[in-house]
Amino acid sequence: MDSAARSGNAFVPRFLRRLLGLLLLGLAHAWLLFAGDILVTYALLGVLLLAWRGLKPMAATVLALALLGMVAGGWGLLAWLVAHVPPIEVPVAELHAKAQQAAQAYRASALDAIAQRGRDIADGVWFVLVFVQGPCALAMFLLGLAAHRSGYLARVAQQPARLRRWMVRCLPVGGAGALFYATAQVGTSSVQQPEHVVLAALAVDLATAPFLTVGYVALLLWLLQHGTGGQRLGAALEPAGRMALSNYLLQSLVGATVFTAYGFALVGQVAPWLVVLGVFALYGAQLVWSRRWMATHAYGPVEWWLRAFTLWQWPAWRRPAP
């Protein structure tokens with residue numbers, strides 16, 4: 001909106017083209033690389049944000065908190081109902097067999113992997129997007145809108161003492177909720193948590209996750225203010241942040257290559273510790289690649305395409321020489 005105002009262009013057509021571009025990228029991403037795509041959700045939520053762009057900061061905040069409360073409260077209510085009604089027998093053997101079939105499809109061939117992503121979307125991904133991820137993402141978008149409109153984030157970012165208070169208040173709450181959720185999901189080697197406990201843990205996680213987000217943001221902003229070390233951290237992260245969409249899709253491409261028939265077909269065969277190690281290695285490589293790319297290019301490769309689609313004209317590809 002600010003960019004359109006500065007350039008004197010109409011905002012709504014430009015924003016709708018951007019949403020359409022995101023939608024096209026998301027559909028291709030979901031079918032070809034990763035069924036749990038977020039871009040389609042962002043594109044659809046963008047339509048709501050367009051309709052609500054006139055909201056005042058307080059109204060946006062109230063609406064965001066209401067959304068978070070309804071989602072967490074809804075799953076909490078479901079947990080209570082499951083705990084107080086006759087138990088429903090869960091077809092564990094059937095679910096296990098279905099998971100094995102999915103893994104085999106991802107290993108079989110590229111076409112089988114694409115077809116399996118479609119089945120994954122139809123079987124459950126849409127449910128998570130509608131009843132968990134979508135409303136929570138919308139709530140955080142609204143809080144971001146309120147933070148920008150009110151100028152609060154810009155002010156607090158320059159106040160280390162307030163950032164420390166946010167860290168102390170939010171990180172323990174968010175961390176405890178995340179730990180409870182993870183523990184309930186995994187259970188132990190011999191005991192699986194009852195269904196109502198798992199659902200209650202999800203409700204707690206949804207209620208406390210925004211605290212973890214605020215704590216992370218406060219911690220990062222606080223670190224960035226610490227002299228030479230903060231400047232180096234900012235310089236390392238900034239290029240990757242400027243091409244976050246390209247990096248997001250590249251992570252899916254690497255994952256699809258490693259775990260599906262696109263490449264090594266190692267789904268279900270890699271130890272968790274090795275996966276974690278791979279995550280750090282991949283992100284470290286992306287930090288290096290992003291820095292080199294942004295040193296000579298105006299935008300990340302996918303960002304460049306989306307900008308061209310949004311503005312309906314070819315933007316600069318290379319960064320102007322100093």
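A salt bridge is a side-chain nitrogen of Lys or Arg within 4 Å of a carboxyl oxygen of Asp or Glu. Keep that in mind for the exercises below.

This is a predicted model, in which local features need pLDDT of at least 70 and side-chain atom pairs count only at pLDDT 80 or more, while totals for chains, interfaces and linings use all residues. Residues are numbered from 1 along each chain as its sequence is written, and side-chain values use heavy atoms, with hydrogens and water left out.

**Exercise 1. Find out how many salt bridges the whole structure has, and which side chains meet in a salt bridge.**

Step 1. Searching the whole structure turns up one salt bridge.

Step 2. Its partners are aspartate 123 and lysine 98, with 3.5 Å from N to O.

Step 3. Now place the partners: aspartate 123 sits in helix α6 (residues 110-150) and lysine 98 in helix α5 (residues 92-108), so the pair ties together parts 25 residues apart in sequence. Helices here are DSSP runs (H or I, at least four residues), numbered from the N terminus.

**Exercise 2. Explain why cysteine 136 and cysteine 170 form no bond.**

Step 1. Recall that a disulfide is a covalent bond between the sulfur atoms of two cysteines. The test used here is a pair of cysteine sulfur atoms within 2.5 Å.

Step 2. The sulfur of cysteine 136 has its closest cysteine sulfur in cysteine 170, but at 16 Å that is too far for a bond. The structure holds zero disulfides.

Step 3. Check the surroundings too: cysteine 136 is buried at 15% relative accessibility, and cysteine 170 is buried at 3%. (Buried means under 20% relative accessible area, exposed over 50%, partly exposed in between, with a 1.4 Å probe and protein chains only.)

**Exercise 3. Work out where α6 bends.**

Step 1. Start with the span: α6 has 41 residues, yet its end C-alpha atoms are only 49 Å apart, short of the 60 Å of a straight helix. That expected span is 1.5 Å times one less than the number of residues.

Step 2. Look for the bend, and you will find about 50° at isoleucine 121. The angle is taken between axes fitted to the seven residues ending there and the seven starting there.

Step 3. Finish just past the helix: glycine 151 follows α6 and has a positive phi, near 80°.

How values were computed: Helices (H or I, at least four residues) and strands (E, at least two) are DSSP runs, numbered from the N terminus.
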